[in-house]
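Student: I have a structure open in front of me and would like to learn how to read it. Could you guide me through some features?

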2 protein chains.
Amino acid sequence: MSHPFDAAIALRPRGDGVFDGATHAGYANMVGPFGGITASTLLHAVWLHPQRLGEPLALTVNFAGPVVEGPFRVTTRALRTNRSTQHWHIELEQGGEVAASASAVFGLRRDTWTATEIVPPPLAQGAPVPVKGLSPRVAWPQRYDMQFVKGGWPDFDNPQAEPADSHSELWIRDHPPRPLDALALAAICDAFYPRIFRRRQRFTPAGTMTLSTYFHADAAALAAQGTRAVLGRARAQHFGGGYFDQTAEVWGDGGRLLAVSHQLVYFKE
Amino acid sequence: MSHPFDAAIALRPRGDGVFDGATHAGYANMVGPFGGITASTLLHAVWLHPQRLGEPLALTVNFAGPVVEGPFRVTTRALRTNRSTQHWHIELEQGGEVAASASAVFGLRRDTWTATEIVPPPLAQGAPVPVKGLSPRVAWPQRYDMQFVKGGWPDFDNPQAEPADSHSELWIRDHPPRPLDALALAAICDAFYPRIFRRRQRFTPAGTMTLSTYFHADAAALAAQGTRAVLGRARAQHFGGGYFDQTAEVWGDGGRLLAVSHQLVYFKE
């Protein structure tokens, strides 16, 4: 029996870079699927493409409109293939409309000088925090084992005082456990709930408009992480005008930075 | 006489969202044009489109291949228009090949709760730092008045000791002065030289592969900045495998965050 993550990102190739997929109730969000699973699905389409060069380096997903429950079509197009890098454009269509688009940069990595300038969060024991006050259709948080060190899910029914910042730190892995790869990592990078929930401690409609992820670890390094939880940190930079941006880091064993991600989110207030 | 920036991003509409443009020697980089001017040009195409909704909220530019000196064609396509947001796909072609692609999110802003979590660099006097050791064809730094507070251009002929971090802080504005708008801001967000230059204090081929910018100020706030310099801060997060990411903030008068940007850069070592 396949892992729910693999079932959710499954695609049936129709040739010429076109793939058929369908939403998965196990990753449902308030409206449509969890953005992270859509991101992974679009990345997966390129991953399955016979002309793919190397591994994912960067992925930007634009959430253009609601994805509704049911089947969708993913179309991939290699815009340009260089000696060591390759640029892709991807679109997800439903009912003749574009519901999401993406660009992906794939490529080969080489041994070079290496350095990490940012520092990982302190290693600390986390604890589970129940998800409360969200619609029962929101299933995707149950697809992760999240152990919060700080900034756990707010309880909208019993709001706490507004914190001074929107930071969260947590241990996270797929539930049930699944060996880490770039596809799973792409979804984990979007698994930090909207920072406006944390700052305001109350529910407001919010949705990611665009999400960019940079992959800093190759397949071997991700495989070495196995099913062990990664340490994530997320925070907002600015809220205003109906939009905010949030940024995230995902750290693996030994303080290795696996990926960073950035997103711009719509919110109602 | 038009400002060199406006001459560089000028586009001739050919109908159906297609525009003709050309590179401008004043913004030349090592290979092809300065990435920031390409980003502004692609944003400009949407700006000029009769179906544009609102102002730029986010822009991701993928530098797929070299842009050579001469004319190019820009094709824009509105993927989806919602009530208050709009998603665009943009391609820049030369000689029948895609040299750059982009996604842009445009939309309307509303009055909402506002907060900025990151803090601006301390206000400090900057000083100009000459650009040395780069090819004489690299003209774009002369299109900016840059006053460095820290992390100025390295002198590749007289390298300093490698610093512990890649941070730069500088006052920057167009040269000659030009009133700020989102188009100019999009270019300024890419005006922080590759962080590998600073860390290693020596020249290495490096080029942006993908650049995402989030606009946090509306047209009125940018117009209010006028021709006064903005305060920029840039830093890398991780170098390795032939790639690094760098992130930047651009601050206006009164500690107002105007934009943030993130990019993944190829480097040779």
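Student: Is B:A248 buried or exposed, and why?

Tutor: This is a predicted model, so let us reason from its atoms. A residue counts as buried if 20 or more other C-beta atoms lie within 10 Å of its own. B:A248 has 22 other C-beta atoms within 10 Å, so B:A248 is buried.

Student: Where in chain B is B:A248, and which residues does B:A248 touch?

Tutor: B:A248 sits in strand β12 of chain B, residues 243–252. Leaving out residues up to four places away in sequence, B:A248 touches B:C189, B:F192, B:G232, B:R233, B:A234, B:V260 and B:S261. For B:R12, we can give two separations: B:A248 and B:R12 are 236 residues apart in sequence, and 31 Å apart in space from C-alpha to C-alpha.

Student: Which residues have the most contacts inside the largest nonpolar core?

Tutor: They are A:L42, A:A104, A:L185, B:L42, B:A104 and B:L185, in a core of 152 residues. Take A:A104: beyond its neighbours within four places in sequence, its contacts are A:L43, A:V46, A:P56, A:A58, A:L59, A:W88 and A:I90.

Student: How many residues does each chain bring to the contact between chain A and chain B?

Tutor: Chain A gives 52 residues and chain B gives 52 residues. The chain A side that touches chain B is made of 19 nonpolar, 22 polar and 11 charged residues.

Student: Which strands are joined by bridges between chain A and chain B?

Tutor: Look at strand β7 of chain A (residues 115–116) and strand β11 of chain B (residues 230–240): they run antiparallel, joined by 2 bridges. There, A:A115 stands opposite B:F239.

Note on methods
Residues numbered from 1 in each chain as written. Chains lettered and ligands numbered in written order. Predicted model: local features only at pLDDT ≥ 70, side-chain atom pairs only at ≥ 80, totals over all residues. Contact = placed C-beta atoms within 7 Å. Nonpolar A, V, L, I, M, F, W, Y, C, P; charged D, E, K, R; others polar. Pairing = 2+ DSSP bridges. Helix = DSSP H or I, 4+ residues; strand = E, 2+ residues; numbered from the N terminus. Core = buried A, V, L, I, M, F, W, Y, C linked by C-beta atoms within 7 Å. Buried ≥ 20, exposed ≤ 12 C-beta atoms within 10 Å, placed from the backbone.
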